[in-house]
There are 2 protein chains.
Amino acid sequence: MFESFEAGAKPGVTTGGRESYDERLNHILEAATNVIARVGYGHASMRAVAKAAQVSLAGMYHYFDSKEKMLFLIQFRTFNSLLQNLREKLHGVEEPVEQLRVMVRSHIGYFATDMAALKVCSHELDALTGSRYEDLRHLRHQYYELTRAIIERVFQSRAPGGGLDEHVATMALFGTLNWLYRWYRPGPDYSVNGLANQITRLFLTGIIGLKPAADGSASSAES
Amino acid sequence: MFESFEAGAKPGVTTGGRESYDERLNHILEAATNVIARVGYGHASMRAVAKAAQVSLAGMYHYFDSKEKMLFLIQFRTFNSLLQNLREKLHGVEEPVEQLRVMVRSHIGYFATDMAALKVCSHELDALTGSRYEDLRHLRHQYYELTRAIIERVFQSRAPGGGLDEHVATMALFGTLNWLYRWYRPGPDYSVNGLANQITRLFLTGIIGLKPAADGSASSAES
DNA sequence: CATCATATCGAACTATCGTTCGTAACAAAT
DNA sequence: ATTTGTTACGAACGATAGTTCGATATGATG
């Protein structure tokens with residue numbers, strides 16, 4: 001289904017250089033991520049990426065065939081670790097509301113760790129084409145299904161027959177989370193956990209709803 | 001404060017042609033909006049816009065100095081009418097919760113009317129530079145302040161001392177609304193009013209909160 | 001009719017884009 | 001030492017980008 005995004009074309013490991021093949025590729029992709037996050041994929045020239053990565057222009061084409069493949073690698077790796085990250089943190093958590101809190105905190109935490117990568121994944125969704133677009137869509141769909149399943153369990157356990165559309169609710173949450181890159185900068189004002197608690201609570205009970213009981217979620221500050 | 005975005009450089013009205021200057025400009029901007037919404041500002045070439053508007057490439061530069069100015073005109077006009085639209089619909093509505101409902105319905109309704117324009121305004125926010133960016137930021141800020149004031153009134157009237165951050169709540173709502181262009185297509189499944197009611201309710205009372213009784217009538221959320 | 005500003009266009013200019021080619025440096029293997 | 005495959009780069013290519021220029025057509029004005 002997926003093309004293996006690095007095996008196959010991957011050359012033998014070079015032990016002599018200071019960096020291995022994978023390390024070098026990561027280094028270039030990281031620089032590319034920052035450039036794309038700053039100026040957008042369309043205006044991010046390969047020359048600018050090469051300069052940021054301190055590699056020659058032609059030298060980059062040793063690691064990927066094209067600019068679009070470069071973007072694909074960035075998005076694929078980011079979405080993969082985002083998904084894997086969420087699955088790990090969800091492990092052992094059974095309570096639906098707590099699963100939702102874990103999901104929100106995981107997403108915001110990942111965003112805080114690598115803002116540039118998540119911005120590229122949120123903002124440049126349509127830049128890929130053909131099979132590369134489909135592969136990414138498949139990954140995104142897994143993330144969507146995981147989240148929607150949590151929301152459905154919250155519905156069933158807390159508000160059966162509530163009348164809210166699960167798809168609308170899920171997309172509303174993704175909208176809130178994917179819009180973070182436009183305004184949220186982690187810092188003392190809004191810590192990751194504090195913001196995650198606020199958004200979770202907002203999504204659960206709204207701006208005039210009751211505060212959910214339990215949970216060590218202090219309203220103004222977090223632990 | 002603003003540069004008048006059409007006066008000053010506006011030539012005299014030509015009465016002879018089939019279209020006036022303004023009509024012609026609108027026609028070109030409309031075509032440009034559709035192209036940019038489809039392929040993104042970075043990949044939308046002036047040649048593609050010219051072809052879509054059925055104008056020669058050079059002929060477009062009679063209506064604006066540059067590609068960036070073209071994008072500015074699109075965003076400026078869209079945000080202006082979005083803002084004016086909201087102010088009109090808010091006229092005479094006093095109840096905070098109803099004001100919020102009007103705001104959400106107005107935004108979604110505008111989106112349904114001109115999806116391409118609102119997509120361009122949501123997605124190409126950073127493509128402008130310098131004073132043009134500042135002018136747009138000022139407009140967006142007005143829209144933000146208007147919405148935030150409504151949210152604050154809802155807080156005060158329904159959930160005083162609730163502990164939620166107004167800025168977070170406002171940006172969460174904008175995230176939900178600005179993300180619509182990625183998934184929402186108006187139709188029989190989700191009508192504008194239906195979706196607006198769902199999102200308003202979700203924002204007010206969350207996915208497990210109480211359903212607010214009917215419409216503007218007070219739903220006692222205390223206890 | 002002559003004049004003038006507006007409106008429009010074909011063609012070309014310059015810059016920059018993504019990409020490729022030929023080649024040199026280097027490490028490991030023969 | 002020679003071969004081989006990987007890594008890296010300077011230079012250039014063809015395509016396309018935004019923009020400009022000069023000319024033409026047109027309707028209004030005197």
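Chain A is built from nine helices and has zero strands. Keep in mind as you look around that this is a predicted model. If you trace chain A along its sequence, the pattern reads α-α-α-α-α-α-α-α-α. Of its 223 residues, 50% count as buried. Take the contacts in chain A with a separation of 6 or more: 71% of them come from residues 24 or more positions apart.

Now bring in the second copy. Chain B can be laid over chain A by a rotation of 180 degrees with 0.0 Å of shift along the axis, and the RMSD is 0.1 Å. That's the relation of a two-fold axis. To find the axis on your screen, go to Gly206(B): among the residues of chain B, its C-alpha comes closest, at 1.9 Å. How do the copies meet? They do so through the same surface, because 95% of the interface residues of chain B are also interface residues in chain A.

Next, the inside. In soluble globular proteins, nonpolar side chains tend to be buried together. Here the largest nonpolar core has 151 residues, and Phe64(A), Ile207(A), Phe64(B) and Ile207(B) are the ones with the most contacts inside it. Phe64(A) is a good one to click on. Setting aside neighbours within four places in sequence, Phe64(A) touches Leu25(A), Ile28(A), Leu29(A), Met46(A), Lys69(A), Met70(A) and Leu73(A).

That leaves the DNA. Which residues come nearest to strand C? Of the 21 residues around DNA strand C, they are Lys67(A), Arg24(B), Ala58(B), His62(B) and Tyr63(B). By class, the residues of this surface split into ten nonpolar, seven polar and four charged. On the DNA side, 55% of the strand C atoms within 4 Å of the protein belong to sugar or phosphate, and the rest to bases.

Zoom in on the phosphates of strand C and you'll find both chains at work. From chain A, an N or O atom in the side chain of Tyr61(A) sits 2.9 Å from a phosphate oxygen of strand C, while Lys67(A) places a backbone N or O atom 2.7 Å from a phosphate oxygen of that strand. From chain B, an N or O atom in the side chain of His62(B) is 2.6 Å from a phosphate oxygen of strand C. As for the elements that give two or more residues to the surface near strand C, chain A offers helix H2 (46-53) and helix H3 (57-60), and chain B offers helix H1 (21-39) and helix H3 (57-60).

Conventions
Residues are numbered from 1 along each chain as its sequence is written. Chains are lettered from A and ligands numbered from 1 in the order in which they are written. This is a predicted model: local features need pLDDT of at least 70, side-chain atom pairs count only at pLDDT 80 or more; totals for chains, interfaces and linings use all residues. Side-chain values use heavy atoms; hydrogens and water are left out. A residue is near a molecule or strand if one of its heavy atoms lies within 4 Å of it. A polar contact is a pair of N or O atoms within 3.5 Å; within protein, one must be able to donate a hydrogen and the other to accept it, and residues adjacent in sequence count only if both atoms are side-chain atoms. Helices (H or I, at least four residues) and strands (E, at least two) are DSSP runs, numbered from the N terminus. Ala, Val, Leu, Ile, Met, Phe, Trp, Tyr, Cys and Pro count as nonpolar, Asp, Glu, Lys and Arg as charged, and the others, Gly among them, as polar. A nonpolar core is a set of buried Ala, Val, Leu, Ile, Met, Phe, Trp, Tyr and Cys residues joined through side-chain atoms within 4.5 Å. Buried means under 20% relative accessible area, exposed over 50%, partly exposed in between (1.4 Å probe, protein chains only). Contact means heavy atoms within 4.5 Å. Copies are superposed by least squares on the C-alpha atoms of residues with pLDDT of at least 70 in both.
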